[in-house]
Amino acid sequence: MTIAIVGGGLAGATAATELRARGYDGEIVLFAAEPHLPYERPPLSKDVLLGTKSVDEAAVHDAAWYRDNAVRVEQGTRVTRIDPVGHLVTAHGAAGATEVRYDRLLLATGAEPRRFALADDVTSPVYLRTVDDSLRLKAQLRGGARVTIVGAGWIGLEVASAARQAGAEVTVFEAAELPLVRVLGPEVAAVFADLHRHHGVDLRLNARVEASDLAETDVVVVGVGAVPSTGLAEAAGLEVDNGVLVDAALRTSDPDIFAVGDVAAHDHPVLRRRIRVEHWDTAIGQGEVVARNLLGAEEPYTRLPYFFTDQYDLGMEYFGSVGPGGYDRVDIEGNTDAAHGGAFRAYWVADGRVVAAMHANDWDASESVRDSIGTSR
């Protein structure tokens with residue numbers, strides 16, 4: 001049996017790892033559009049920018065692992081067509097076109113940065129998605145450099161933190177009233193606004209970006225979200241709606257094709273709704289589960305969403321998902337003055353139950369915060 005994996009990120013590499021760990025001895029072909037071996041993306045906006053981790057340390061495995069485990073990695077090779085009827089993958093790389101016939105296929109094509117037309121017109125912005133993007137940006141983060149960031153989401157704020165620690169002058173434009181407000185709500189989002197202002201970031205909220213704002217700076221970073229890379233799936237006739245639609249076991253509308261990671265719109269059996277999660281933990285968890293299902297299991301993916309961030313001296317872990325229904329209140333325990341080392345826990349409550357929870361700088365509370373999801377409060 002041949003298993004083809006389309007996508008050279010963490011989710012695809014994790015699936016390959018689990019396949020071999022489970023004793024699968026058939027052929028594995030992994031197509032990586034980038035010229036690099038699969039790597040983890042979180043360090044690109046954290047440790048790599050800060051200079052505390054090298055690009056090689058972000059790799060999932062070194063080249064020897066793929067060789068020793070007979071995983072064929074087609075680096076710098078972009079899949080251009082999937083034929084579900086003929087079970088055929090067509091790809092193009094430096095050596096030309098190649099075709100692989102598969103028995104089972106895994107889509108792990110990830111997401112692409114959302115473009116910001118004004119920045120594209122005025123300058124050559126950095127969209128932080130790849131190793132090359134991170135290295136390009138790191139070279140520009142130096143003392144006195146003027147850095148303008150469009151978007152105060154996770155990427156934008158992590159870049160702001162790294163830039164300030166490098167001594168750069170940082171301005172952040174955000175259209176909303178607070179950074180991260182769509183995820184955290186105003187109660188906790190205000191903590192991050194205070195944190196960045198304390199560290200000297202010129203944080204401009206409810207802001208409209210003008211061309212002059214982008215022209216009068218040394219580097220522009222755009223972090224206004226991402227869109228799932230569904231082009232291949234759509235062309236192959238798979239069901240797509242803000243991601244490739246997959247069932248609880250991560251199977252697409254084609255029984256021999258699965259999807260995981262940023263591109264997968266998953267029918268979550270615990271949350272009882274469809275959700276697409278663009279985070280490191282989901283890439284690993286779904287990669288492990290889908291490997292077992294590629295081998296014939298019917299295991300649902302039940303892990304709740306999890307993400308983390310490191311900004312200055314603040315470290316945070318978030319568990320669960322508020323969802324479209326929103327929340328009734330946020331219960332906050334501890335000291336929210338994170339700019340001065342405060343540690344706290346926050347619990348988002350809907351209909352008397354905790355639907356999401358986080359801690360900041362309170363690592364001993366990590367397990368209890370996670371276990372609070374679903375409890376009464």
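The largest nonpolar core, a set of buried Ala, Val, Leu, Ile, Met, Phe, Trp, Tyr and Cys residues joined through side-chain atoms within 4.5 Å, holds 54 residues, of which Trp 348 and Met 358 touch the most other members; buried denotes under 20% relative accessible area, with a 1.4 Å probe and protein chains only. Helix 7 (residues 181-198) gives the most to this core, with eight residues, helices (H or I, at least four residues) and strands (E, at least two) being DSSP runs numbered from the N terminus. Apart from this core lies another, of 49 residues, including Leu 19 and Ala 264. The model is predicted, so that local features need pLDDT of at least 70 and side-chain atom pairs count only at pLDDT 80 or more, whereas totals for chains, interfaces and linings use all residues. Residues are numbered from 1 along each chain as its sequence is written, and side-chain values use heavy atoms, with hydrogens and water left out.

Helix 1 (residues 10-21) is mostly covered, 10 of its 12 residues being buried, among them Leu 10, Glu 18 and Leu 19. These buried residues pack against, among others, strand 1 (2-6), strand 7 (104-107) and helix 10 (280-294), where contact means heavy atoms within 4.5 Å. Just after helix 1, Gly 23 takes a positive phi of about 90°.

An open sheet of three strands has the order 15-17-18 with mixed pairing, two strands being paired if DSSP finds at least two bridges between them. Strand 15 (244-246) and strand 18 (273-275) stand at the edges, each with a single partner strand, so one side of each lacks a neighbour in the sheet. Strand 17 (residues 264-268) pairs with strand 18 in the antiparallel sense over three bridges, and His 268 stands opposite Arg 273 in strand 18.

Note on methods
Buried means under 20% relative accessible area, exposed over 50%, partly exposed in between (1.4 Å probe, protein chains only).
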